[in-house]
Amino acid sequence: MSKYLLIESRDAFESNDVAQFWELAASLARQGDTVTLFLVQNGVLPARPSTRSEALSALTKAGVQVLADEFSLRERGIRTERLAAGVKASPLDVVIDQLAEGRKALWH
Amino acid sequence: MADKKSLTFVLMDPPFENPRTTTALRLIDLAVRRGHDVNVFAYEGAVYVAFAKQTPHANAVHGRDVEQEDHPIPKDWVAAILAEGVKSGSKIDWVQCGLCVDERGAGECVEGPRRGSPADLLKFAETSDNTLVIPTK
Amino acid sequence: MPKRILQVVDSAYRATLEEQDDTVLWITQAMKGAGGDLSVLLRGSAVNYAVRGQDASGLAFGGKRQTQPPRLAEDVAKLVEKGIEVFVVSDDLAERGLERGDLIAGPKAVSREELPQLFAPYDMVWHW
């Protein structure tokens with residue numbers, strides 16, 4: 001089984017594609033792969049509890065680790081103590097760690 | 001460094017147009033600070049990230065002169081990252097896609113980056129531990 | 001043995017007129033020529049690259065005419081000729097009102113559901 005790092009930079013409220021990228025994360029996890037979905041830039045917007053965050057929380061229940069870039073959250077005034085269920089704030093360092101680990105890395 | 005790796009980053013965006021440039025440089029900076037060797041393949045508009053002729057300016061709307069505004073100039077960020085590499089022991093190989101440089105007239109860049117081609121990207125991909133493509137949209 | 005790389009092309013018709021090609025398909029061909037082992041997955045609106053009958057000719061600004069418009073379907077066919085496997089996401093075709101008969105020969109259809117299995121054997125999956 002493989003390990004994946006999926007980086008979501010696009011705004012779920014703006015781009016239809018984001019839901020498909022999230023679904024890709026879920027389907028890789030269903031296949032038994034280890035998957036991290038790392039939200040960065042406007043990709044963190046649904047981490048604030050909202051109409052889109054339930055779908056994000058569902059990913060964590062499907063076995064995807066969902067992390068949100070601390071800087072992107074702070075930049076947008078999204079409080080880390082009030083994130084969508086299952087989503088964790090994280091330093092960007094995790095991306096370097098997981099690249100160094102050799103994960104297949106896809107940026108959306 | 002305990003577990004030194006070689007990481008390749010492919011950039012596509014010119015500066016000042018979207019947040020991908022800043023995030024890409026944040027990642028490269030982090031990798032360099034950790035002492036990893038870093039390859040950068042600057043493709044398409046990203047050849048402007050290290051463009052030597054970027055110049056700071058004052059900002060009347062902000063009410064700041066040039067010095068006060070201290071406007072980010074990405075080529076200086078690139079130069080600073082390259083300097084950090086010398087301190088951290090990171091080997092940094094920054095390649096500007098040659099045809100992309102030509103068609104954009106972006107031939108003048110800060111010291112450090114070199115002209116290259118897709119063959120360099122292939123070599124980076126084959127010889128480094130991992131590659132992250134940061135695409136444009 | 002070279003690393004196996006899957007190039008996922010997601011962005012469609014971005015700067016294809018100025019560049020006279022899709023720059024990701026272009027670099028894929030260049031890297032293949034340099035000895036790389038690459039495949040291509042067209043997804044999202046990039047599935048349209050495999051459509052027959054695209055015609056971008058006739059662009060002109062003042063007296064300056066474009067003499068070499070992009071020929072994207074031909075570029076996709078060339079990838080296949082050069083031994084690069086090209087896949088298209090069937091769900092994305094269907095959503096866009098496209099059927100297999102609308103496409104050039106060569107690309108292989110794969111469903112969204114099959115993507116994890118498609119990704120599995122590649123060392124790297126580059127999402128453009």
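**View 1. The glycine that follows helix α3 of chain C.** In this predicted model, G83(C) comes just after α3(C) and has a positive phi of about 85°. The helix itself runs over residues 72-81, and the next view goes along it.

**View 2. Two sides of helix α3 in chain C.** Start with the buried residues: L72(C), V76(C) and L79(C) are buried in this helix. They sit on the same side of α3(C), because the arc they cover around the axis is only 55°. There is a handy rule behind such patterns: an α-helix has 3.6 residues a turn, so residues three or four places apart point the same way. Now look at the other side of α3(C), where E74(C) and E81(C) are exposed. What covers the buried residues? Among the elements doing so are α1, α2 (23-33), β2 (37-42) and β5 (86-89), which belong to chain C.

**View 3. Y13(C), a residue with positive phi in a loop.** Y13(C) is not a glycine, yet its phi is positive, at about 60°. You'll find Y13(C) in chain C, in the loop that links β1 (4-9) to α1 (16-19). Is Y13(C) buried or partly exposed? Count the other C-beta atoms within 10 Å and you get 15, so Y13(C) is partly exposed; the buried label takes 20 or more.

**View 4. D70(B), in a loop between two helices of chain B.** Over in chain B, D70(B) lies in the loop between α2 (66-69) and α3 (74-88). Its phi is near 45°, which is positive even though D70(B) is a residue other than glycine. D70(B) is exposed, because it has 11 other C-beta atoms within 10 Å and the cut-off for exposed is 12 or fewer.

**View 5. Where chain C touches chain A.** Here, nine residues of chain C are in contact with 11 residues of chain A. On the chain C side, α5 and β7 each provide at least two of the touching residues. Sorted by type, the residues on that side of chain C come out as six nonpolar, two polar and one charged.

**View 6. A120(C), in the loop between α5 and β7.** This loop of chain C joins α5 (115-119) to β7 (124-127), and A120(C) lies in it. A120(C) counts as partly exposed because it has 14 C-beta neighbours inside 10 Å. How far apart are A120(C) and T28(C) in space? Their C-alpha atoms are 20 Å apart, while along the sequence the two are 92 residues apart.

Methods:
Residues are numbered from 1 along each chain as its sequence is written. Chains are lettered from A and ligands numbered from 1 in the order in which they are written. This is a predicted model: local features need pLDDT of at least 70, side-chain atom pairs count only at pLDDT 80 or more; totals for chains, interfaces and linings use all residues. Helices (H or I, at least four residues) and strands (E, at least two) are DSSP runs, numbered from the N terminus. Two residues are in contact if their C-beta atoms, placed from the backbone, lie within 7 Å. Ala, Val, Leu, Ile, Met, Phe, Trp, Tyr, Cys and Pro count as nonpolar, Asp, Glu, Lys and Arg as charged, and the others, Gly among them, as polar. The arc is that of the directions from the helix axis to the C-beta atoms.
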